[in-house]
Structure formats: C-alpha cells, structure tokens
Amino acid sequence: MSARSARRSVLLSRDTLIGALVVALAMVICVGLGVWQYGRFEDRRDIAQTVEANYQADPVALESVLPAPGSPLTGAEEWTPVQLHGSYCTDPDCILYVRNRTLGGTVGFWQLAPFQTDDGATLLVVRGWVDSDAQESEPADPPAVPEGELTVTARLRPAEAVITGRENPEGQVHSVSPEQISPQLPELSGPMTTGAYGELAAEDPEGRRPQALPEPDTSLGPHLSYAFQWWLFALFFPGALIYRTRKTMQEEIEDQHDGSTGGKATPRSRPRARTRRRSRDEEDEDALIDRQHP
C-alpha cells in the first residue's frame with residue numbers, strides 16, 4: 001500500500017470521521033457562546049452610552065418625554081431628568097415602600113410617593129432608600145414626605161413588571177408598577193403616568209429625605225474578553241484534529257514501510273563500523289612478529 005493510500009485510509013477511518021463531528025459540534029458551541037457574550041457586551045455598552053448621555057443632562061418637561069400618561073419610556077430616554085412643579089400626595093395611603101431593595105449589600109425599602117404636577121399629571125417618585133427594621137420587616141425611621149409646593153427633579157425609569165401571586169403587606173409593594181399601584185391609591189388630581197416612574201434627583205426647597213440611590217453602573221464588564229476567549233477555543237479543536245490526523249498518517253506509513261522490509265533494517269540503514277586507530281605499541285609488536293617469521 002502506498003503512502004497516498006495510507007493517508008486516504010486514515011482520513012476515511014471511523015475515528016477520524018467521529019473526531020470531525022465532535023470538532024464541528026464543539027466549534028458550534030464555542031462560537032455560539034462567544035456570540036452570546038458579545039451580545040451581552042453590546043447591551044452593557046448601549047446602557048452605558050444612554051447613562052452617559054442622559055444622567056447629567058439638563059432637566060426637561062415631563063410631556064416632552066412622555067406626551068401621554070400611557071406613553072412608554074424608550075430605552076434611549078431612560079435616565080432623562082424631568083422637572084416637575086406641584087406637590088406630593090401626603091395622605092398616609094399614598095406613601096408606599098417597595099420591598100427587598102438593596103443598598104451596599106443591605107436589604108431595605110424604597111420610599112415611594114405620587115407627585116401631582118400643576119399640569120395635571122401624576123408621577124410615582126422614588127425618594128430614596130430606607131433601612132429595614134429586621135424584626136418587624138418594616139422601614140426603620142423613614143423621613144416624612146414633604147408637604148406643600150415643590151419643584152422636583154427626577155430621572156425617568158421604565159415601569160417595573162407587574163408581580164402577581166404575592167400579597168402586598170399594608171403600605172408596601174413588591175415592584176414599582178404604576179399600573180398595579182394606581183388602583184390602591186386614594187383619588188389623585190391627575191391621571192397616573194403608567195409607562196415610567198421617577199428617581200428623585202433634587203427637591204426645592206430641600207428637606208430631609210431617605211438615602212439617595214447610587215449612580216448606575218456604566219462598566220462594560222468582562223463580556224468582550226470572554227467572547228474572544230470562546231472564539232479562540234473554537235479554533236483550538238480543528239487544530240488538534242489536524243495534528244492528531246497527521247500523526248496517525250505518519251505512524252501508518254512507518255508501519256507499512258517496516259512491514260514491507262520484513263521488520264529488518266535495509267542495508268542503507270545499517271551503520272558502518274568505525275575503525276579504531278592503532279596505537280604505536282601495537283604497530284611495533286606487529287613489526288617484531290613479522291621479522292621473526294619471514
């Protein structure tokens with residue numbers, strides 16, 4: 001069998017074909033994981049760009065971002081500051097606390113109150129974070145919501161999802177879902193904005209308020225490097241298969257060559273014996289023997 005036939009035999013062998021299938025599957029998985037990580041990187045990048053564009057921008061009117069109470073907040077408008085003039089609803093039934101909100105690893109509450117504007121709109125505003133009384137599972141010493149006319153600057157956030165199957169304790173809610181919260185509030189002066197809520201940035205005049213929420217994280221995380229790592233892994237598998245196949249071919253050709261020579265080395269392959277150089281004493285001894293036996 002020729003070397004060409006040996007290579008064909010190895011390429012078409014069962015082990016090589018199974019190895020190729022395994023390599024193809026591994027490559028598909030690695031490429032898919034890399035694409036998934038790259039998608040996460042793009043999401044984080046878009047969020048960071050939105051925060052950088054909107055978070056410190058000058059406040060605008062609420063109706064310029066949400067022209068109707070039911071208008072949804074688009075991703076490009078998230079964190080947009082809006083300026084509102086009016087007053088909070090300070091009825092005890094209006095002041096709510098959102099459960100299971102963390103700050104620095106500590107679980108507490110968000111203080112939530114509806115703000116009624118002079119223009120007839122109502123926006124739920126998160127005034128900040130309040131620590132929890134662990135024994136009672138209630139807010140610990142929350143500051144009062146200020147009364148009277150105020151000018152409020154709040155950054156818009158999309159409404160949270162409606163949570164079903166959980167009963168809200170009195171004065172508490174599980175999510176900031178204006179659509180779910182609105183029916184349990186007293187009658188307000190204007191329609192509720194249901195597509196978004198506000199995160200308090202400033203109040204004028206200033207008063208005592210809960211602890212301010214931290215700025216959003218704009219780091220991009222390790223997702224881009226993870227994507228390239230998975231794609232490099234995808235290149236490793238075909239390289240390993242090629243190396244293994246070439247080595248198997250070489251071994252097959254060598255085995256066939258040894259079989260054709262009966263397992264013996266060819267004359268060309270036999271090493272020549274090296275001649276040892278004779279010493280002077282050995283030459284003198286040979287010359288003496290020759291003289292004695294002419």
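**Exercise 1. Work out how much of residues 12–36 is helix and how far apart the end C-alpha atoms are.**

Start with the make-up of the stretch: residues 12–36 are 92% helix and 0% strand. Then look at the two ends, where the C-alpha atoms are 35 Å apart. Keep in mind that you're working with a predicted model. Next, check the record: UniProt, in an unreviewed entry, gives the feature "transmembrane region" to residues 12–36 and also to 224–243. Now do the second span: residues 224–243 are 100% helix and 0% strand, with end C-alpha atoms 30 Å apart.

**Exercise 2. Decide what kind of aromatic pair Tyr38 and Phe41 form.**

Here's what you need to begin: a pair of aromatic rings is described by the distance of the centres and the angle of the planes.

Step one is the distance. The ring centres of Tyr38 and Phe41 are 5.6 Å apart, and the cut-off for a pair is within 6.5 Å. Step two is the angle, which is 45 degrees between the planes. Planes under 30 degrees apart would be stacked and over 60 edge-to-face, so the rest count as tilted. That makes Tyr38 and Phe41 a tilted pair.

Step three is where they sit. Both are in helix H2 (residues 14–54), three residues apart, so about one helical turn separates them. Last, check the surroundings: Tyr38 is partly exposed, at 28% relative accessible area, whereas Phe41 is buried, at 10%.

**Exercise 3. Do the same for Phe228 and Trp231: which kind of pair is it?**

The ring centres are 5.5 Å apart and the planes stand at 90 degrees, so this pair is edge-to-face. Now find the residues in the chain: both belong to helix H5 (residues 223–260), three residues apart, or about one turn. As for accessibility, Phe228 is partly exposed at 46%, and Trp231 is partly exposed at 28%.

To finish, put the two exercises together. Tyr38, Phe41, Phe228 and Trp231 form one aromatic cluster.

**Exercise 4. Find which rings have Arg101 and Arg155 over their faces.**

Take Arg101 to begin with: it lies over the face of Trp110, 4.6 Å from the ring centre. Then go to Arg155, which lies over the face of Tyr55 at 3.7 Å from the ring centre.

**Exercise 5. Describe the contacts and position of Ser64.**

Locate Ser64 in helix H3 (residues 62–65). Follow its side chain next: it reaches the backbone oxygen of Ala61 at 2.6 Å. Now jump along the chain to Val82, which is 18 residues away from Ser64; their C-alpha atoms are separated by 9.0 Å.

**Exercise 6. Look at the backbone: where is the cis peptide bond, and what are the phi values of Asn100 and Asp141?**

Begin with the peptide bond. Asp204 and Pro205 are joined by a cis bond, with omega about 5 degrees. Pro205 itself lies in the loop between strand E8 (196–204) and H5.

Move on to phi. Asn100 isn't a glycine, yet its phi is positive, near 55 degrees. You'll find Asn100 in strand E2 (residues 96–103).

Asp141 isn't a glycine either, and has a positive phi of about 50 degrees. Asp141 is in the loop between strand E5 (138–139) and strand E6 (150–158). One more step: is Asp141 buried or exposed? With 61% relative accessibility, Asp141 counts as exposed, because exposed means over 50%.

How values were computed. Residues are numbered from 1 along each chain as its sequence is written. This is a predicted model: local features need pLDDT of at least 70, side-chain atom pairs count only at pLDDT 80 or more; totals for chains, interfaces and linings use all residues. Side-chain values use heavy atoms; hydrogens and water are left out. Rings of Phe, Tyr and Trp (its six-membered ring) pair if their centres lie within 6.5 Å; planes under 30 degrees apart count as stacked, over 60 as edge-to-face and the rest as tilted. Helices (H or I, at least four residues) and strands (E, at least two) are DSSP runs, numbered from the N terminus. Buried means under 20% relative accessible area, exposed over 50%, partly exposed in between (1.4 Å probe, protein chains only). A charge sits over a ring if NZ of Lys or CZ of Arg is within 6 Å of the ring centre and within 35 degrees of the ring normal. A polar contact is a pair of N or O atoms within 3.5 Å; within protein, one must be able to donate a hydrogen and the other to accept it, and residues adjacent in sequence count only if both atoms are side-chain atoms. UniProt positions are given in the numbering used here, feature names are shortened, and annotations may be inferred rather than shown by experiment.
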